[in-house]
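Visitor: I would like to go through this model and ask why things carry the labels they do. Please set each value against its rule.

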Amino acid sequence: MSLIFVKNLRKGFQGVEVLTDVNFQVDKGDVIAVIGPSGAGKSTMLRCLIDLEKVDGGTIEVEGEPLVKDGIYAPPAQVRRATGKMGMVFQNFHLFPHLSVRRNLTMPLMKVKGTGKEQANALALETLKKVGMGDRIDAMPSTLSGGQKQRVAIARALMLNPDIMLFDEPTSALDPMLTLEVLGVMQKLAADHMTMLVVTHEMSFAKEVANRILFMCDGTILEEGTPEQIFGHPKHQRTADFLGNNIK
Amino acid sequence: MTTSEILATTQALLQGLGTVITLFVVVMVASLPLGFLLTMLARCRIAPIRWLVNAYIYIMRGTPLMLQLFFIYYGLPFVNDFFKMALRSAMVCALLGFSLNYAAYFAEIFRGGLLSVDKGQYEACQVLGLNRVQTTLYAVLPQMFRVALPSITNESITLVKDTALVFSISIMEVLYYAKAAVSRTGSILPYAIAFLIYLALNSLLQLFFNWLEKKTAY
Ligand SMILES: Nc1ncnc2c1ncn2[C@@H]1O[C@H](COP(=O)(O)OP(=O)(O)O)[C@@H](O)[C@H]1O
Ligand SMILES: [Mg+2]
């Protein structure tokens with residue numbers, strides 16, 4: 001059984017089709033890089049998976065349970081259960097600016113899962129250490145660099161113990177040095193067998209860390225394969241053109 | 001004026017201070033939550049509720065507070081016996097009028113604060129599994145409040161000064177006692193003392209809000 005199963009996904013904004021027909025699946029342990037030109041619909045696709053956007057048609061199943069089936073949404077409780085299996089990391093972090101790093105991590109856990117304070121604190125420290133931020137547990141987000149903010153945001157998502165992590169251009173707001181530290185954390189996550197779906201412009205990450213690549217273009221997945229297939233022998237001219245412009 | 005006269009005058013004026021403080025405290029305690037409620041209702045899914053709330057805010061902000069006080073104190077008792085009974089006390093009318101009026105201003109302030117909360121905050125809450133109430137309580141409200149704080153400070157300083165308006169519905173507060181003392185003694189010194197009393201009050205208030213702003217800064 002695949003962790004995420006997507007079939008015939010369609011989505012438009014004000015009558016303009018943004019996702020025309022998206023089909024793919026994510027298996028346990030997959031690290032999938034989603035690449036493609038800007039405006040291809042990568043973010044929209046990711047946002048549909050976690051119910052930040054409503055689809056117009058198609059099916060999304062999470063661990064075998066439908067979130068939406070043939071365009072018809074499951075009851076709210078089931079939708080929450082499905083999206084609860086995923087964590088999401090945004091381009092602009094979206095940390096809670098009024099809460100310390102510690103509270104950013106513990107607040108959702110305590111409110112959503114009713115975890116006790118002691119236990120939440122202990123888990124926060126452990127999780128922050130994983131992303132190399134253990135020593136900044138009592139910092140306020142405004143005092144952190146972009147790379148540090150993003151690592152805290154990753155830790156915050158991990159606190160809820162998701163089976164799948166979604167990343168939407170997690171390093172696009174960062175300069176190259178900070179990009180590396182965030183990619184490092186993601187690489188470590190991958191090595192720990194976290195299932196990941198990563199929208200990215202970092203071709204090195206796609207090449208070296210991902211086991212599969214989806215090339216998205218004009219609202220559909222034009223081509224999919226291993227990094228060797230996509231980078232070595234792209235089947236479509238569009239893919240080759242895109243990679244040609246992106247390989248540094 | 002001799003020193004003892006000044007002291008006596010100050011003492012007389014301070015009698016009105018209790019009224020000012022009561023008005024201030026009660027109106028703040030009533031109008032802040034009421035204002036927030038209005039802000040929330042102005043975002044309600046049911047359109048007629050939104051219209052009503054917006055009309056209310058429009059009217060309250062668009063007409064003089066003194067006129068509103070007159071309307072409540074002198075006007076409403078003519079409507080029926082219930083109002084006649086309920087609004088016998090000028091102080092009750094003042095508290096009611098001020099609270100209703102300030103709630104409208106606070107509603108506008110909160111609305112601005114709410115607009116300043118980034119859309120990404122709501123999305124982060126949703127993907128973390130927080131429900132609407134939790135999102136509002138733990139993410140939106142604290143940020144909204146922080147943005148609104150300087151405007152709340154402004155409004156409360158205005159409120160202290162506005163309390164002098166209740167003079168017009170014959171409530172005895174600092175201004176009343178000052179005027180009485182001026183006509184009794186023929187000196188304008190009581191006015192100067194009234195100045196100082198209001199200034200002192202607002203200085204305290206400013207200090208408090210400065211402290212609160214520091215404490216809630218992030
Ligand atoms: N909320 C929205 N309202 C209207 N159009 C949108 C919205 N979000 C995205 N779009 C449009 O959908 C298309 C795909 O956007 P997006 O998914 O962000 O692409 P990508 O992430 O691949 O760059 C773009 O043309 C974009 O303008
Ligand atoms: Mg995007």
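Visitor: What classes of residue make up the lining of the largest cavity?
Guide: This is a predicted model. The lining has 8 nonpolar residues, no polar ones and 1 charged residue. The residues are A:M88, A:V89, A:F90, A:F93, A:A153, A:R156, A:A157, B:V127 and B:L128. Arg counts as charged, so A:R156 takes the charged place in that list.

Visitor: Which elements give two or more residues to that lining?
Guide: In chain A they are β7 (86-89) and α5 (146-159). Chain B adds α6 (119-128). The largest share, 3 residues, comes from α5(A).

Visitor: What makes this a cavity and not a pocket?
Guide: A 1.4 Å probe fits in a cavity but cannot get out, whereas a pocket is open. The search of the whole structure used a cut-off of 30 Å³ or more and found 1 cavity. The volume of the largest cavity is about 40 Å³. That value meets the cut-off, so the cavity is listed.

Visitor: Now ligand 1. Which residues are around it?
Guide: Chain A supplies A:F13, A:Q14, A:V18, A:P37, A:S38, A:G39, A:A40, A:G41, A:K42, A:S43 and A:T44. Helix α1 (residues 42-49) of chain A gives the largest share of this shell, 3 residues.

Visitor: How many residues of each class are in the shell around ligand 1?
Guide: There are 4 nonpolar, 6 polar and 1 charged. Lys counts as charged, so A:K42 fills the charged place in the shell.

Visitor: Why does the pair between A:T44 and ligand 1 count as a polar contact?
Guide: The limit is 3.5 Å between N or O atoms. A polar side-chain atom of A:T44 lies 2.5 Å from an oxygen atom of ligand 1. That is within the limit, so the pair counts. The side chain of A:S43 also places an N or O atom 2.7 Å from a ligand 1 oxygen. For A:G39, a backbone N or O atom lies 2.7 Å from an oxygen of ligand 1.

Visitor: How much of ligand 1 does the protein cover?
Guide: On its own, ligand 1 has 560 Å² of accessible area, and the protein covers 58% of that.

Visitor: Why is B:P150 called partly exposed?
Guide: Buried means under 20%, exposed over 50%. B:P150 has 36% relative accessibility, so it falls in between and counts as partly exposed.

Visitor: Where is B:P150 placed?
Guide: B:P150 is in helix α7 (residues 132-162) of chain B. Its C-alpha atom is 8.1 Å from that of B:F209, 59 residues apart along the chain.

Note on methods
Residues numbered from 1 in each chain as written. Chains lettered and ligands numbered in written order. Predicted model: local features only at pLDDT ≥ 70, side-chain atom pairs only at ≥ 80, totals over all residues. Heavy atoms only, no water. Near = heavy atom within 4 Å. Polar contact = N/O pair within 3.5 Å; in protein donor to acceptor, adjacent residues only side chain to side chain. Areas by Shrake-Rupley, 256 points an atom, 1.4 Å probe, with all protein chains shown as cover. Helix = DSSP H or I, 4+ residues; strand = E, 2+ residues; numbered from the N terminus. Buried < 20%, exposed > 50% of the residue type's maximum accessible area, 1.4 Å probe, protein only. 1 Å grid on protein atoms, 1.4 Å probe; cavity = no way out; pocket = protein on both sides within 12 Å on 5 of 7 lines; lining within 4 Å.
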